[in-house]
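Grab a pencil and work through a few exercises on rings, charges and helix packing. Each task comes with a solution that goes step by step.

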Amino acid sequence: MLWFSIGTAALAPGLALLTYFYLKDKYDTEPLHMVIKIFLVGFLIVFPIMILQRGLIIWLGDNSFVYSFLISAGIEELVKWFVLYHMIYNHTEFDEPYDGIVYATAVSLGFATIENVLFGLTHEASMGSLLVRALLPVSGHAMFGVIMGYYLGRAKFSNGNKTGRYLLFSLLLPVFWHGVYDWVLGNITEYWLWYIVPLMAFLWYGGLGKMTRANSRSPFRPMEISSRD
């Protein structure tokens, strides 16, 4: 019963955030089965990522900068980006900019959710620690997904050199912010909240702005009718 309670508490933040991002799709809601599929793919990529990260730690050592930006953020965001590019980017359901955010947060939250469940079960985590993880790692992965999805949406609906540039942004910017987040948590032992709370607030502020801009570019958005005679 204890394991069931911990597992449920670990699942809840990811599912709640996924519901939030899904419902923010204002003009052309994605098929629910597609979103669930990508969310479950996020579950599956945890294990190959763990194997890759373990191999890189053995090969490259445990330098904090290398670990934060390459082994942790680099591998995790690259695998998520690879999944989205090959499964979603050219899919017919990806037909408006906000769809990138829906699918990127789905795979990110799938990854974060199974990671949270594994942490809860292996550490017999308390509800307090799971709440902290909901506010930090799970929420952080959601924001990295928003950044990735926003620029995937910009790339999908751009032409020429802009497409390649936005595709590059869709990978490098999540890696950068994920690396900053990991480095702060891994290297600042005193007063770390003074750093991580403003960082999360900044990411959420920027993420909400990206969601608004992505929705505003939807081809399904009703045309505004001028009231002038």
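**Exercise 1. How many aromatic pairs are there, and how are the rings of Phe-39 and Phe-43 arranged?**

Solution. This is a predicted model, and the count comes to 16 aromatic pairs when ring centres have to lie within 6.5 Å. Now take Phe-39 and Phe-43: their ring centres are 5.2 Å apart and their planes sit at 55 degrees, so call this pair tilted. Next, place the two rings: both belong to helix α2 (residues 32-44), and they are four residues apart, about one turn of the helix. Last, check the surroundings: Phe-39 and Phe-43 are both buried.

**Exercise 2. Classify the ring pair Phe-144 and Tyr-181, and say which helices hold the two residues.**

Solution. Start with the geometry: the centres are 6.0 Å apart and the planes are at 70 degrees, and planes over 60 count as edge-to-face, so that's the label for Phe-144 and Tyr-181. Then look up the helices: Phe-144 is in α6 (residues 127-156) and Tyr-181 is in α7 (residues 161-187), so this pair ties together parts that are 37 residues apart in sequence. As for burial, Phe-144 and Tyr-181 are both buried.

**Exercise 3. Find the cluster that contains Trp-177, then look for charges over rings.**

Solution. Follow the ring pairs and you get a cluster of Phe-65, Phe-69, Phe-176, Trp-177 and Phe-202. For the charges, go to Tyr-89: the charged end of Lys-156 sits over its ring, 5.5 Å from the centre. Then try Tyr-166, where Arg-165 lies over the face of the ring at 5.5 Å from the ring centre.

**Exercise 4. Work out how α7 and α8 run relative to each other, and which residues make the contact.**

Solution. First get the numbers: α7 and α8 (residues 193-216) pack at about 160 degrees, with their axes 10 Å apart. Angles over 145 degrees count as roughly antiparallel, and therefore that is how α7 and α8 run. Their crossing is left-handed. On the α7 side, the contact is made by Trp-177, Val-180, Tyr-181, Val-184 and Leu-185. From α8 come Tyr-195, Ile-196, Leu-199, Met-200, Phe-202 and Leu-203.

**Exercise 5. Zoom out: how many helices and strands does the protein have, and what share of its residues is buried?**

Solution. Tally the elements and you find eight helices and zero strands. Of the 229 residues, 48% are buried. One more step, on contacts with a separation of 6 or more: residues 24 or more positions apart account for 81% of them.

Notes. Residues numbered from 1 in each chain as written. Predicted model: local features only at pLDDT ≥ 70, side-chain atom pairs only at ≥ 80, totals over all residues. Heavy atoms only, no water. Phe/Tyr/Trp six-rings, centres within 6.5 Å; stacked < 30°, edge-to-face > 60°. Buried < 20%, exposed > 50% of the residue type's maximum accessible area, 1.4 Å probe, protein only. Lys NZ or Arg CZ within 6 Å of the ring centre and 35° of its normal. Axes fitted to C-alpha atoms, helices over the stretch in contact; angles between N-to-C directions. Parallel < 35°, antiparallel > 145°, perpendicular 65-115°, else oblique. Left-handed = near helix turned anticlockwise from the far one by under 90°. Contact = heavy atoms within 4.5 Å.
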